[in-house]
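Q: Please go through this structure and explain what stands behind the labels given to its residues.

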Amino acid sequence: DSILSRVQRYDFQRISTDAITDRLHYVIKAEIKNGSQIQVSTNAISYLAKQAQGGMRDALTMLDKCLAYSNELTLDNVLKALGVADYDNILKLLNALYCDATKDALAVLDEVHMSGYDLKQFVKSLVDFMIDVCKSNYLKDFKYLSCPNTPEIQKFFDMADIEEENRMWLKSLVNLQNAIKWDTNPKARIEAWIILRGDV
């Protein structure tokens, strides 16, 4: 107690996504005022703010990284600069699975593999996205989701509005992620998962 009485205590809390969004817009406006040629989309800034998960320093670091990649702050450029989820292929694969189009799902996986993308990271992205799908069933608000608000993703959410089926796919993907954790050839296991409709 005698030591604690002599120190200052700081309780740090995470910053709200709205506050981070406002700050990122402020920084960008200041850069533009100083002569920088920056084009920005609201969707891109919103996504950056959510990815920061309450950390202002992280948000500013990611913003710097994105501006180093391109002065056009579109959602697509932000995703490329950060090297995060490949939402196009995630949607293609999940749409194929929900429509029982095994051939199409296998083709998407092969495309991802041939592009050089880490398949374990791709499965992690699938898990994260399916968490958002399940959360969207309950919350109906992109504010609480980590994925961007795009027409394509909204269309998928509208289609995949069956809670029980979504929970089944999420559970199956989590099991798949655990199954390939130490696998030296994850592609074969993921292909088996697709063919067996989610069983691993």
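Q: Where is Asn166, and what makes it count as buried or exposed?
A: In this predicted model, Asn166 sits in helix 9, residues 163-179. Its relative accessibility is 0%, and buried means under 20%, so Asn166 counts as buried.

Q: Which residues does Asn166 touch, not counting residues up to four places away in sequence?
A: Asn166 touches Tyr98, Met130, Val133, Cys134, Asn137 and Ala160. Contact here means heavy atoms within 4.5 Å.

Q: Why is Cys134 not called part of a disulfide with Cys147?
A: A disulfide needs two cysteine sulfur atoms within 2.5 Å. The closest cysteine sulfur to that of Cys134 belongs to Cys147 and is 12 Å away, so it is too far for a bond. Cys147 is likewise in no disulfide, with the sulfur of Cys134 as its nearest at 12 Å. By this rule the number of disulfides is zero.

Q: What makes Cys134 and Cys147 buried or exposed?
A: The cut-off for buried is under 20% relative accessible area. Cys134 has 9% and is therefore buried. Cys147 has 1%, so Cys147 is buried too.

Q: Where is Ser125, and how do you know whether it is buried or exposed?
A: Ser125 is in helix 7. Its relative accessibility of 5% falls under the 20% limit, so Ser125 counts as buried. Not counting residues up to four places away in sequence, Ser125 touches Ala85, Ile90 and Tyr117.

Q: Which members of the largest nonpolar core touch the most other members?
A: The core has 59 residues, and those with the most contacts to other members are Leu48, Leu73, Tyr87, Phe129, Phe156 and Phe157. Helix 7 supplies the largest share of this core, nine residues. Leaving out residues up to four places away in sequence, Phe156 touches Leu91, Leu94, Asn95, Tyr98, Phe129 and Val133.

Q: Why is the pair of Arg197 and Asp100 called a salt bridge?
A: The rule asks for a side-chain nitrogen of Lys or Arg within 4 Å of a carboxyl oxygen of Asp or Glu. The closest N and O atoms of Arg197 and Asp100 are 2.8 Å apart, so the pair qualifies. Arg197 lies in the segment after helix 10 (186-195) and Asp100 in the loop between helix 5 and helix 6, so the pair ties together parts 97 residues apart in sequence. The structure holds eight salt bridges.

Q: What makes Asp100 exposed and Arg197 partly exposed?
A: Exposed means over 50%, and partly exposed lies between that and 20%. Asp100 has 58% relative accessibility and is therefore exposed. Arg197 has 26%, so Arg197 is partly exposed.

Q: How do you know that Lys187 and Asp110 form a salt bridge?
A: Their closest N and O atoms are 3.4 Å apart, and the limit is 4 Å, so the pair meets the rule. The pair links distant parts of the chain, with Lys187 in helix 10 and Asp110 in helix 6, 77 residues apart. Asp110, Lys187 and Glu191 are linked in a network of salt bridges.

Q: What is notable about the phi of Gln53?
A: The phi of Gln53 is near 50 degrees, a positive value in a residue other than glycine. Gln53 lies in the loop between helix 2 (42-51) and helix 3 (56-69). At 56% relative accessibility Gln53 is over the 50% limit, so it counts as exposed.

Conventions: Residues numbered from 1 in each chain as written. Predicted model: local features only at pLDDT ≥ 70, side-chain atom pairs only at ≥ 80, totals over all residues. Heavy atoms only, no water. Buried < 20%, exposed > 50% of the residue type's maximum accessible area, 1.4 Å probe, protein only. Helix = DSSP H or I, 4+ residues; strand = E, 2+ residues; numbered from the N terminus. Core = buried A, V, L, I, M, F, W, Y, C linked by side-chain atoms within 4.5 Å.
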